[in-house]
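Here is my note for your first reading of this model, set out as numbered points. Please keep the structure open beside the text and look up each residue as it is named.

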Amino acid sequence: MQNRARIARVVEAIPPSGIRRFFDIVSQMEDVISLGVGEPDFVTPWHIREAAIYSIERGYTQYTSNWGLLELRQEVARLLDRRYGVEYRPEGEVLITVGVSEGLDLALRAILNPGDEILIPQPCYVSYAPCTLFAGGVPVVVGTDAASGFRVSVEALERAVTPRTRALLLNFPNNPTGATLRRADLERIAALAERHDLIVLSDEIYSELTYDGAHLSFAALPGMQNRTILLNGFSKAFAMTGWRIAYVAGPADLVAAMTKIHQYTMLAAPITSQMAALEACRRGEPEMERMVAQYDERRRYFAQGLNAIGLDCLLPEGAFYVFPNIRATGLTSEEFAEGLLNEERVAVVPGTAFGEGGEGHVRCSYAAGLEQIREAVARMERFVARRLRSPARIPSPAAT
């Protein structure tokens, strides 16, 4: 009897996450400064943790509605209206999910038929293409580069559109580059989406971590709310990664389709996490703003320090990553990351983890204390100096 393959072909063909591979290596090493995983170094603010603890003490341990607690959906709708000027009905247009990752998976499965294409600007978060493939879709990569500030051009998107193009996936501020999209960019992309009748999946998980000017949600653009699935959550802005709690807002028909999948696969987000998120919506913004101010200080120092040691680095406009160009060392992204880890005990992620367009770069998270970042830059200077002729002086924090 012939043995059949035990693993589905689509799963077999996708490599493990490049981020997690380095994270697993780091976990077995000592004296490593980890700038690899995109996780805030802050602990969830106490009043949010206390709200969760109190909810357990009061016996809130049951399932909620598949949609999530109505009270939380109401607060999410108020938050979106207050911060971004977009209005959603809590009943029918807001769904609570287990992280933005689940929200993305639900959105892709709800809108894609087999063979449908989705445009994905790259470099991009590691799960976008695999999740598209899992949903039966075809990821179509649209490249960006440092010369354009890693902002996708409408011309490049236009060239990538075919009769099979169903959707566009945006992430701004961007992971891994820290770039964001400005109003003029968004308005031109909106016109393209209208012209080709595209659904836009707008991953705005880093929206609160925008440093220069206010974040403009794609759904807030004229005529775009009805074709936008807005993905956001609590993990980055409120330091709640481990709570796995997020939300989706969008047109009622699309959110209902996503909820149908959600109710058969996940049922509902954990009630304890929902109670914590409720407190974050109501009273978490002051702590969030204090964290963002510290990220701002770190990004300025880090980008300046990397440029000073010979690695060209744009000042990120959002999120908590720098994405320096390491080509001057003569190493590939993989070689640079492995060499830096082995020789100087600093963990960064090769740019290729975020797609082929990431070659020549590495992602470094500044969701770490300033002292750690200072030490990391000093170690990186030693590593780079062994490959460059004239290392430069690292700036002092006062210079920022």
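Are F323 and F354 buried or exposed? The model is a predicted one, and the answer is taken up in point 3, once the ring pairs have been introduced.

1. Aromatic pairs. The count of aromatic pairs comes to 11. One of them joins Y206 and Y321, whose ring centres are 5.7 Å apart and whose planes make an angle of 75 degrees, an edge-to-face arrangement. Because Y206 lies in the loop between strand 6 (199-203) and strand 7 (228-233), while Y321 belongs to strand 9 (residues 321-322), this pair ties together parts that are 115 residues apart in sequence. Both Y206 and Y321 are buried.

2. A cluster of rings. When you look at Y206 and Y321, please look also at F42, Y295 and F320, since ring pairs link these five residues into a cluster.

3. The pair in the opening question. Both F323 and F354 are buried. The planes of their rings stand at 80 degrees, with the centres 6.5 Å apart, so this pair too is edge-to-face. F323 is found in the loop between strand 9 and helix 13 (333-344), whereas F354 is found in the loop between strand 11 (349-350) and strand 12 (362-365), and the pair therefore ties together parts that are 31 residues apart in sequence.

4. A charge over a ring. Please look next at F383, because the definition of a charge over a ring applies here: R387 lies over the face of F383, at 4.0 Å from the ring centre.

5. Cysteines. Why does the structure hold zero disulfides? A disulfide is a covalent bond between the sulfur atoms of two cysteines, and to count as one here the two sulfur atoms must be within 2.5 Å. The sulfur of C131 has its closest cysteine sulfur in C124, at 11 Å, which is too far for a bond. For C313 the closest cysteine sulfur is that of C364, and at 7.5 Å this one is also too far for a bond. C131 is buried, with a relative accessible area of 13%, and C313 is likewise counted as buried, at 9% relative accessibility.

6. Helix 12. This helix (residues 285-308) has 24 residues, and the distance from its first C-alpha to its last is 35 Å, which is close to the 34 Å expected at 1.5 Å a residue. Helix 12 is followed by G310, whose phi is positive, near 105 degrees.

Conventions: Residues numbered from 1 in each chain as written. Predicted model: local features only at pLDDT ≥ 70, side-chain atom pairs only at ≥ 80, totals over all residues. Heavy atoms only, no water. Buried < 20%, exposed > 50% of the residue type's maximum accessible area, 1.4 Å probe, protein only. Helix = DSSP H or I, 4+ residues; strand = E, 2+ residues; numbered from the N terminus. Expected span 1.5 Å × (residues − 1). Phe/Tyr/Trp six-rings, centres within 6.5 Å; stacked < 30°, edge-to-face > 60°. Lys NZ or Arg CZ within 6 Å of the ring centre and 35° of its normal.
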